[in-house]
2 protein chains.
Amino acid sequence: MYTLHLQLLTLSTNMNMANKTTIQIKRSTYRHGDLYRALLDAAVQLARKGGAEAVVLREVTRQAGVSPNAAYRHFADRHALLQAVSMAAQSALAVEIENEINRIGKSDDQLELARARLRAVGTAYLRFALAEPGLFGMAFSVPNDLSNADNPASAGESGLTAYQLLGTALDKLIEAGAITQERRQFAEIFAWSAVHGFAKLMLEGPLRSLDKTQAEVIGQRLIDVVERGL
Amino acid sequence: MYTLHLQLLTLSTNMNMANKTTIQIKRSTYRHGDLYRALLDAAVQLARKGGAEAVVLREVTRQAGVSPNAAYRHFADRHALLQAVSMAAQSALAVEIENEINRIGKSDDQLELARARLRAVGTAYLRFALAEPGLFGMAFSVPNDLSNADNPASAGESGLTAYQLLGTALDKLIEAGAITQERRQFAEIFAWSAVHGFAKLMLEGPLRSLDKTQAEVIGQRLIDVVERGL
DNA sequence: GGTGTAATGTATACATTGTACACATTACAC
DNA sequence: GTGTAATGTGTACAATGTATACATTACACC
């Protein structure tokens, strides 16, 4: 069984206690130290468990051991906090994709490598959606005013966002002669749409009844068809 | 320009006034008459403007001219109200699809007709998403405990839901010999995923910047590719 | 090293929300 | 005509987001 590596989330994971009880963090100093990070971490944990609606500002400050209004020194309002969580989620997704890409074996066949890269993007995308539905839901479903599509905070370790990682996969396919340059934009939209739609339908749509193994099998078939459809 | 026909919504459309002001409906009778419908209509109107989060229970009762707690005689809680709106949205979508199907011209070519039907489903789906983003967002994004996928309240005039209408289109394609029976389930998921994903990405994802004419062109191309990919 | 100032956290307060509980009104079956 | 179930109201409460005023402290500057 594969386990996700969410480097953003590891720090605060052990700060949760039993049901409903919230840790009272007593700090000696008046200043918190890194409240922004503490708030964001707590918010991410809440988002993991219950999606956007679970990210309630007062609960976040409670978990950080700080008064409710302290949050306003770091986030304009709850919406801004949600946006930050959204970008963290996008980043975690990008890291997942990067990891999957790095797992590709070596080969001399350029076309083979390009295809493997595209498949890696799709596979990681679907796996992330299933493993972290709360975060996945927030990655794109938060009304984000500033276009954080290419914001560094939304990127993975390579500095590329999930969307850009798909783009690089397509570039490799173009280099390998599998698709034409004119078709690139459309191929991007098509591939993204199919995988994204499948993920969404599985999480909150009529495909909710699929179990994970079924989902993975169908997901792979879907990626196959997308690859051929490009 | 095409305009949607939302028969569910026409009644209460004219009940809205200027910004923020809410009509005070004074009724002579103690009983409302059809409060369930009034509440649902008001909720749908709010959902049209601001999605699920705009459906606030107290505002709904205000618009119906009734005390907040009156709603609890007809809906167990806010969640139940949201589910009802979700089903109404699914129904409106199904009607859109039916209308588009009925617009198909006559032909002797069975395969041609089957293809036109599939395209009609996809076209109507995307048009509805663009024309009624608030409702579209609620059609599938509400955590609906009871499987309302084949609930009559979610269906169109034909008694079929949007999902089932896609199914019938695929059946016609099977009859025409365009796809095999074994491939049906997957084809259903694939077609639905691609169109649904495109819609979602346009409404709340990285494709938000697309304008409507671009969206329609790409949407048609996407439907083309799906058709071939089946 | 002392001090002023900006940054950061707190206290108090308020409007709004969902909803529980007791009560009022009325349609309708008998 | 009357009793009963259905439907709407009044009051109340805890929780939330956030505005405003205040307290504490890190740090730049002399």
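**Helix packing within and between chains A and B**

Helix H7 of chain A is mostly covered, with 15 of its 21 residues buried. The model in which this helix sits is a predicted one. From its first C-alpha to its last, H7(A) reaches 30 Å, close to the 30 Å expected at 1.5 Å a residue. This helix is a good place to begin, since it leads directly to the contact with the other chain.

The partner of interest in chain B is helix H8. The axes of H7(A), residues 184–204, and H8(B) come within 6 Å and cross at roughly 100°. That angle makes H7(A) roughly perpendicular to H8(B). On the side of H7(A), the contact is made by A:Ile189, A:Phe190, A:Trp192, A:Ser193, A:Ala194, A:Val195, A:His196, A:Gly197, A:Phe198, A:Lys200 and A:Leu201. From H8(B), the residues that take part include B:Ile189, B:Phe190, B:Trp192, B:His196 and B:Leu201. By class, the residues of this helix pair's contact divide into 14 nonpolar, six polar and two charged. The description rests on two quantities, as two packed helices are described by the angle between their axes and the distance between the axes.

H8(B) can be examined in its own right. Its 21 residues should span 30 Å at 1.5 Å a residue, and the end C-alpha atoms are 30 Å apart, which agrees. Of those 21 residues of H8(B), 15 are buried, so the helix is largely enclosed by the rest of the structure.

The wider contact between the chains takes 25 residues from chain A and 26 residues from chain B. On the chain B side, the elements that give two or more residues are helices H6 (133–141), H8 (184–204) and H9 (212–229). H8(B) gives the most to this side, with 13 residues. The side of chain B that touches chain A is made up of 16 nonpolar, six polar and four charged residues.

Elsewhere in chain B, helix H4 covers residues 78–102. Its 25 residues reach 36 Å from the first C-alpha to the last, close to the 36 Å expected at 1.5 Å a residue. H4(B) is mostly covered as well, with 20 of its 25 residues buried.

Turning to chain A as a whole, its secondary structure comes to eight helices and zero strands. Read along the sequence, the pattern of chain A is α-α-α-α-α-α-α-α. Of the 230 residues in chain A, 43% count as buried. Among the contacts in chain A with a separation of 6 or more, 73% are accounted for by residues 24 or more positions apart.

The domain assignment divides chain A into domain 1 (13–78) and domain 2 (90–229). Six residues of domain 1 are in contact with six residues of domain 2 in this chain. On the domain 1 side, the residues touching domain 2 divide into two nonpolar, two polar and two charged.

A single residue of chain A rounds off the picture. A:Glu216 has its place in helix H8 of chain A, residues 212–229. With 15 other C-beta atoms within 10 Å, A:Glu216 is partly exposed; a residue counts as buried at 20 or more such neighbours and as exposed at 12 or fewer. A:Glu216 and A:Thr123 are 93 residues apart in sequence, and their C-alpha atoms are 8.7 Å apart in space.

Key:
Residues numbered from 1 in each chain as written. Chains lettered and ligands numbered in written order. Predicted model: local features only at pLDDT ≥ 70, side-chain atom pairs only at ≥ 80, totals over all residues. Domains from an automatic or database assignment. Contact = placed C-beta atoms within 7 Å. Nonpolar A, V, L, I, M, F, W, Y, C, P; charged D, E, K, R; others polar. Helix = DSSP H or I, 4+ residues; strand = E, 2+ residues; numbered from the N terminus. Expected span 1.5 Å × (residues − 1). Axes fitted to C-alpha atoms, helices over the stretch in contact; angles between N-to-C directions. Parallel < 35°, antiparallel > 145°, perpendicular 65-115°, else oblique.
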